[in-house]
Amino acid sequence: MEKNLTLDPQNWDALRSLGHRMLDEMFDQFIHLKEKPAWQQMPPEVQKQLHEPLPIQPQGEEQVWREFVNNVLPYPNGSWHPRFWGWVQGTGVPFAMLADMLASGLNAHMAGFNHAPAVVELQVIAWLAELMGLPSGSSGLLCSGGTMAGVLGLAVARNAQAGFDVRENGLHSREQPRLMVYGSTETHGWAKKALELLGLGRRNYRAIPVDSQYQIQIPLLQESIAADRKLGHRPICIIGTAGTVNTAAIDNLNGLADVCEREKIWFHIDGAFGALARISDKLRSRVAGLERCDSISIDLHKWMYLPFEVACLLVRDAELHKAAFSSSASYLAEFDRGVSVGRMTFADRGIELTRGFKALKVWMCLKAYGVEKFARLIEQNVDQANYLADRVQCEPELELLAPVSLNIVCFRFAPSVMPEEKRNALNRELLMRLQESGVAIPSSTQIGDKFAIRTAIVNHRSRIEDFDLLIDTILKIGRELITEGFKA
Ligand SMILES: *Cc1c(COP(=O)(O)O)cnc(C)c1O
């Protein structure tokens, strides 16, 4: 038996040199991204090679790195590429990649206590609260994504608004009223998942219709609330969206805040990407009223471009936030001195105990580049969306399918020779061919009953000519399909 086993390297110099080569490789990738396809199909051989028996015996760091370079590195989904605009996926930031490396090396445990990494996370939360216009003293927590931030926010809302002790009693009692949550038909799918998980139940979610701007119809919301109250139900939360996933529509947030105030209902804002528009002086008015929320979820891995994953829940009332999650356990006791000074700050604000140091990349990037830079980048993306929409409207064969409220452009190839009933299938085929070409990666959505090519721009690497190339390539593929005599 070997003694003194460890996972530290036998030869530090060898790992050091490998580490430098890893960094060089990643930087070379960044520098040459534009020349590479936005996406490429993983060949079947590679897929086969990635299925292998459990490695009982060591293969060595060098070998594993080579395999990463050959079999993994060339075939990601493409979100780091200048012409990736699929779904709403940020680009990543090289300096944040380095920050993630530091965080991983430091291996700080982020349940709480008063160490420097904890102070950094608290600082990041305070900065984000300030950017969103929430008062100092607001609470918050970094988490994995908008979904998790929403689940946590809705849990705080549920416990604060239920009118009984949900943590103690659960939702079993038949005497308690049904707890109702409201959003729009455009609210992101996290909301239904959260209702299921929190025991609220999907049938207690009211999806209020939207208007032609894809904003929630507030009069219908009010009718729905009134009808529910009449039935003895208890409205607990309205979810407003700043930047819907389909079209980046922004609900009338002041209107919703007024309803919440009048009705004494919790106001949660899903600000996954759209909330970040608030940091731009030019765009702030579009999310007016955002600062009146009780809680808000923001995805920093979307419109702050940071590498996955990092999002933030902010809660105006710190006591209510803590009341939803705090717990005590003898093994987590607080001491006057030593390491255990300070509370389980973060564990008391969510459901995770062990957490990583996601805050470091946020802290380092905000400091290194400054809020101003992020504001300019967000404005740049909005300008690009407007440019793209203009180009779509100038091309007789293209049709814009939804108003451009921020950074998402939904359109389709709709030449007059192609009858309406074939256009969905045509655009579906066109999108698949476009993606397979590797030129650009938009995704799709359904606008009414129309299949839309959806371009969501949360990309700091895109340039105007990238959008020209997108239009040119779509027209080229579309015309080819017509020439081929495309049949649905
Ligand atoms: C992306 C998105 C979410 C979900 O966020 P994840 O980080 O993917 O969990 C929720 N709401 C909106 C509006 C989004 O765009």
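Trainee: In which loop is T187 found?

Mentor: In this predicted model, the strand β3 covers residues 179-184 and the helix α8 covers residues 190-197. The residue number 187 falls in the stretch that links these two elements, and T187 is found in the loop between β3 and α8.

Trainee: Is T187 buried or exposed?

Mentor: The relative accessibility of T187 is 13%, and a residue is called buried when this value is under 20%. Because 13% falls under that cut-off, T187 counts as buried.

Trainee: Which side chain does the side chain of T187 contact?

Mentor: The side chain of T187 reaches a backbone atom, the nitrogen of S184, at 2.7 Å, but that partner is not a side chain. A polar contact of 3.1 Å also links the side chain of T187 to another side chain, and the residue that carries it is Y205.

Trainee: What distance separates the side chains of S295 and H268 in their polar contact?

Mentor: S295 is found in strand β7, which covers residues 295-299, and at 0% relative accessibility S295 counts as buried. The side chain of S295 is joined to the side chain of H268 by a polar contact, and the distance is 2.7 Å.

Trainee: Which polar side-chain atom lies 2.6 Å from a nitrogen atom of the ligand?

Mentor: The residues around the ligand include T147, D270 and D299, and each of these can be examined in turn. A polar side-chain atom of T147 lies 2.7 Å from an oxygen atom of the ligand, and one of D299 lies 2.9 Å from an oxygen atom of the ligand. The ligand partner is a nitrogen atom, at 2.6 Å, for a polar side-chain atom of D270.

Trainee: How many charged residues are in the shell around the ligand?

Mentor: The residues around the ligand include G145, H188, W190, F273 and K302, so it helps to sort the shell by class, where Asp, Glu, Lys and Arg count as charged. The shell has three nonpolar and six polar residues, and the number of charged residues is three.

Trainee: Which element gives the largest share of the lining of the largest pocket?

Mentor: The largest pocket has a volume of about 690 Å³, and of the 23 residues that line it, the closest to its centre are M26, F30, F68, W80 and M97. At least two residues of this lining come from each of α1 (12-32), α3 (61-72) and α4 (94-106). The largest share, five residues, is supplied by α1.

Trainee: How many nonpolar residues are in the lining of the largest pocket?

Mentor: When the lining of the largest pocket is divided by class, there are no charged residues in it, and seven residues are polar. The nonpolar residues in this lining number 16.

Trainee: Which element gives the largest share of the lining of the largest cavity?

Mentor: About 50 Å³ of space lies in the largest cavity, and its lining includes L141, L142, C143, M148 and L152. Two elements give two or more residues to this lining, namely β2 (139-143) and α6 (146-161). The largest share, three residues, comes from β2.

Trainee: What separation do the C-alpha atoms of V409 and I453 have?

Mentor: V409 lies in strand β10, which covers residues 408-413, and at 0% relative accessibility V409 counts as buried. V409 and I453 are 44 residues apart along the chain, and their C-alpha atoms are separated by 8.1 Å.

Trainee: Which residue does a cis peptide bond join to F308?

Mentor: Most peptide bonds are trans. Here the bond that follows F308 is cis, with omega of about -10°. The partner of F308 has its place in the loop between β7 and β8 (311-315), and this partner is E309.

Trainee: Is N107 buried or exposed?

Mentor: N107 has a positive phi of about 55° although it is not a glycine, and N107 lies in the loop between α4 and α5 (116-131). A residue is called exposed when its relative accessible area is over 50%. Because the relative accessibility of N107 is 62%, N107 counts as exposed.

Key: Residues are numbered from 1 along each chain as its sequence is written. This is a predicted model: local features need pLDDT of at least 70, side-chain atom pairs count only at pLDDT 80 or more; totals for chains, interfaces and linings use all residues. Side-chain values use heavy atoms; hydrogens and water are left out. A residue is near a molecule or strand if one of its heavy atoms lies within 4 Å of it. A polar contact is a pair of N or O atoms within 3.5 Å; within protein, one must be able to donate a hydrogen and the other to accept it, and residues adjacent in sequence count only if both atoms are side-chain atoms. On a 1 Å grid over the protein atoms alone, a cavity is a set of points where a 1.4 Å probe fits but cannot get out, and a pocket is an open set with protein on both sides within 12 Å along at least five of seven lines; lining residues have an atom within 4 Å of a point. Grid points are joined across faces, edges and corners, and a volume is the space filled by probe spheres set on the points. Helices (H or I, at least four residues) and strands (E, at least two) are DSSP runs, numbered from the N terminus. Buried means under 20% relative accessible area, exposed over 50%, partly exposed in between (1.4 Å probe, protein chains only).
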